[in-house]
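Please open the model in your viewer and keep the selection panel at hand. The tour proceeds by selections, each followed by a description of what is found there.

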Amino acid sequence: MLIASQLEPTYARTVYPCFDEPAMKATFNIRIVHDPSYVALSNMPAIDVSEIKDENGSLWTVTTFNTSLKMSTYLTAFVICDFDYVTRTERGNEIRLWARKEAVKNGYVDYALNITGPIFSFLEDLLNVSYPLPKTDLVALPDFGAGAMENWGLMTFQESSLMYLPSDKFTSRKAMVAIIVSHELGHQACDIFFFLFKWFGNLVTMSWWNDLWLNEGLASYFEYLGATFVEPKLSLDKIFYDHVVQPVLREDNEIGVRSLSQSEDKIKGSSYLMSLFDSITYNKGASITWMLSGFLTEKLFIRALTSYLKDFSFSNANQDDLWTHIQMVVDAQDEVQLPASVKQIMDSWTCQNGFPVLTLNLTTGTISQEQFRNKKNENSTDSYNNTWIIPVSWMRNGSPQPLMWLDKRSKVFPEIQVAESEYDWILLNVNLSGYYRVNYDQLNLKRLARLLETDPKVRSYVRFQLIDDVFALTQFGYIQIETALELTKYLAKEDELFIWNMVLLNLVPENLESTLKNYEVYPLLKKYLLKRMLPIYHYYAGFIRQNVDALGDDYFAQVYLEKLFATACWLGLQDCLNLSSELYAKWIDNPEYKIPFLIKRTVCCYGVAVGSDKEWNFAWEMYNHTTSTKEDKDILLSAMSCAKESWLLYRYLQYGLSNTLFSSNCTSVVILYVMTKDIGHHIAWEFVTENW
């Protein structure tokens, strides 16, 4: 048995009678009566454990906790479990990490325990704030819908977010643990932005939920600082563009996407409130913070946060209070000059939906802005007349230039006019510090394409942003696909996986299996992409064959190598098919052999596809093996649908109907996997109609 609470945003009222509003704070005295074989945890340390008998004479334990600090109702928390823990002390704060007994015994939570203290200290020093609680419990829950929650003094996590198996040689799992722990500690870290880092005190709470982004968006920004602090080999910039900025730019242009901050009257009821916990709040919030920190400088940004924190400790604030504090810091110095008040600049980003695209004419030196939208959607009646106050960072021929501001629809900047020379080029949005896209004129694009071909080692963020922008502009009807492809000619020289992933994301259909639906583009991709992929494919295939452990610190290899290999096999690269067969055959010969996890899904799929019933039966046998993990089982479920012989697929679908062969009801999953394959498509449809 296990009980764990999750009271954010509006569930405290279902546990005890209260005014369940973030602005209404109180101190809490908590006492829990529970079965004696379990331990009870809450926000504060236990101060008394006694026993009572009920009317039937059964013995119960009563755990009483110290009075809490003044805090909001949604941060109260309790866990009743039979877990074990490991502990360490950091600056007098006792940190305990609780998990299932066998997980603790096997050392699965040691990594999380070892990074929690240093992240705490890092955030305390960065923000000049002392953590006000005497203890911190982190609990790994086997099943937890919220993923993680920063209750004050008692943080709860989905088990997989906190566990790192000592045998995992790969950084990606470590990085994920570091990122999630520092996000929640970031919350703990300083509650700076209205329970931003709701942890370092519930120091400053937002007045109401319409400013939720300041909480989650800021925590999302700080989580990457914290993660790269404990894992210095992680590249903060690349991971931030790749995991935060780029995904939300893809989402923030859809019709009906809301603004970051909303007026209170738009939030109708708890269910709408729940919908605010989305990628606009987390990722756009973090991206806007990244931009703010960029044009202020991190030094001024942190200084403003620190003063804001001190002023509003244990009380409530809204977004305008934060702008006021930043304004005070800006007014007290003369290095950073802004074209308008902090509130005017920031409200243009938080109170309007969407984001701008900047269009350049380098002959006249004109930059204009409009809201980025789908130009192919001619029938749209939506009005797009938002304008932003935009910090424009730029470089000329590789040299950084002073920041410019675009504060109206269109403006002439004589300094960005280019000369006749084809070596004279301009790049906007340096380091992807701004939350916008850039549409260059043909002249500059040609020069940038030439730059990539002659100097493929030009900084990686330049390659990343150019490719991301041109494909987005193509997709939304601003430019032709040929223009975008001009910038990909250099790819045979591209050796960074995170950039290759961006290319594949844009050029290769998400559902790789079906060549039927992609009959027009498939032969073109095969011809155009495959020859450019060969160098990077062979580079990584060498590691897979000889020394896969050497990729232990290559974060992007762990996240994206699978996509590269899957694409190479899908496009029919013989070496990729051979490699999959070799590794799969090795596994059949010795079931103790471990296929490199980085490409296991691809190897299993093509191992089955290239083989016959022997290979399929082995996958089935391993699927039913008791030691197979949930992840392994999912990989094998998918791999068995890769068979190229119709009768194997039909048999698989029949197995899927059986309650005795599958422990849980996998019917729909099996049908779905078979349906996405070329030959499986018709077989699955026939099977469904026959067995309706």
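Leaving aside neighbours within four places in sequence, which residues is Leu 273 in contact with? Select Leu 273 in this predicted model, and then add Pro 9, Thr 10, Trp 209 and Ile 267, which are its contacts once those neighbours are set aside. Leu 273 belongs to helix H7, which covers residues 269–275. Its relative accessible area is 4%; because the cut-off for buried is under 20%, Leu 273 counts as buried. Next, add Leu 497 to the selection: it stands 224 residues from Leu 273 along the chain, and the two C-alpha atoms are separated by 38 Å.

**The whole chain**

Now display the entire chain as a cartoon. It contains 24 helices and 22 strands. The radius of gyration is 28 Å, close to the 26 Å given by the globule rule for 692 residues, so the chain is as compact as a globular protein of that length. Along the principal axes, the C-alpha trace spans about 80 × 70 × 50 Å. Of contacts between residues at least 6 apart in sequence, 68% join residues at least 24 apart.

Switch to a surface view. The chain exposes about 29,200 Å², of which carbon and sulfur atoms supply 53%, while 56% of the 692 residues count as buried. Colouring by charge displays 60 positive and 82 negative side chains, with the centres of the two sets 4 Å apart.

**The nonpolar cores**

In soluble globular proteins, nonpolar side chains tend to be buried together. To examine the largest nonpolar core here, which has 179 residues, select Leu 428, Leu 529, Leu 561, Phe 565 and Tyr 584, the members that touch the most others. Another core, of 43 residues, lies apart from the largest one; its members include Ala 77, Tyr 131, Val 139 and Leu 154.

Return to Tyr 584 and show its surroundings. Neighbours within four places in sequence aside, Tyr 584 is in contact with Ile 595, Val 603, Cys 604, Gly 607, Val 608, Glu 615, Phe 618 and Ala 619.

**Helix H20**

Finally, select helix H20, residues 613–623. Which of its residues are buried? They are Glu 615, Trp 616, Phe 618, Ala 619, Trp 620, Met 622 and Tyr 623. To see what these buried residues pack against, add helix H18 (574–589), helix H19 (600–610), helix H21 (630–639) and helix H22 (646–657). Among the buried residues of H20, Glu 615, Phe 618 and Ala 619 also appear in the contacts of Tyr 584.

Notes: Residues numbered from 1 in each chain as written. Heavy atoms only, no water. Helix = DSSP H or I, 4+ residues; strand = E, 2+ residues; numbered from the N terminus. Rg over C-alpha atoms; globule rule 2.2 N^0.38 Å. Buried < 20%, exposed > 50% of the residue type's maximum accessible area, 1.4 Å probe, protein only. Contact = heavy atoms within 4.5 Å. Areas by Shrake-Rupley, 256 points an atom, 1.4 Å probe, with all protein chains shown as cover. Lys, Arg positive; Asp, Glu negative; His and termini not counted. Charge placed at Lys NZ, Arg CZ, Asp CG, Glu CD. Core = buried A, V, L, I, M, F, W, Y, C linked by side-chain atoms within 4.5 Å.
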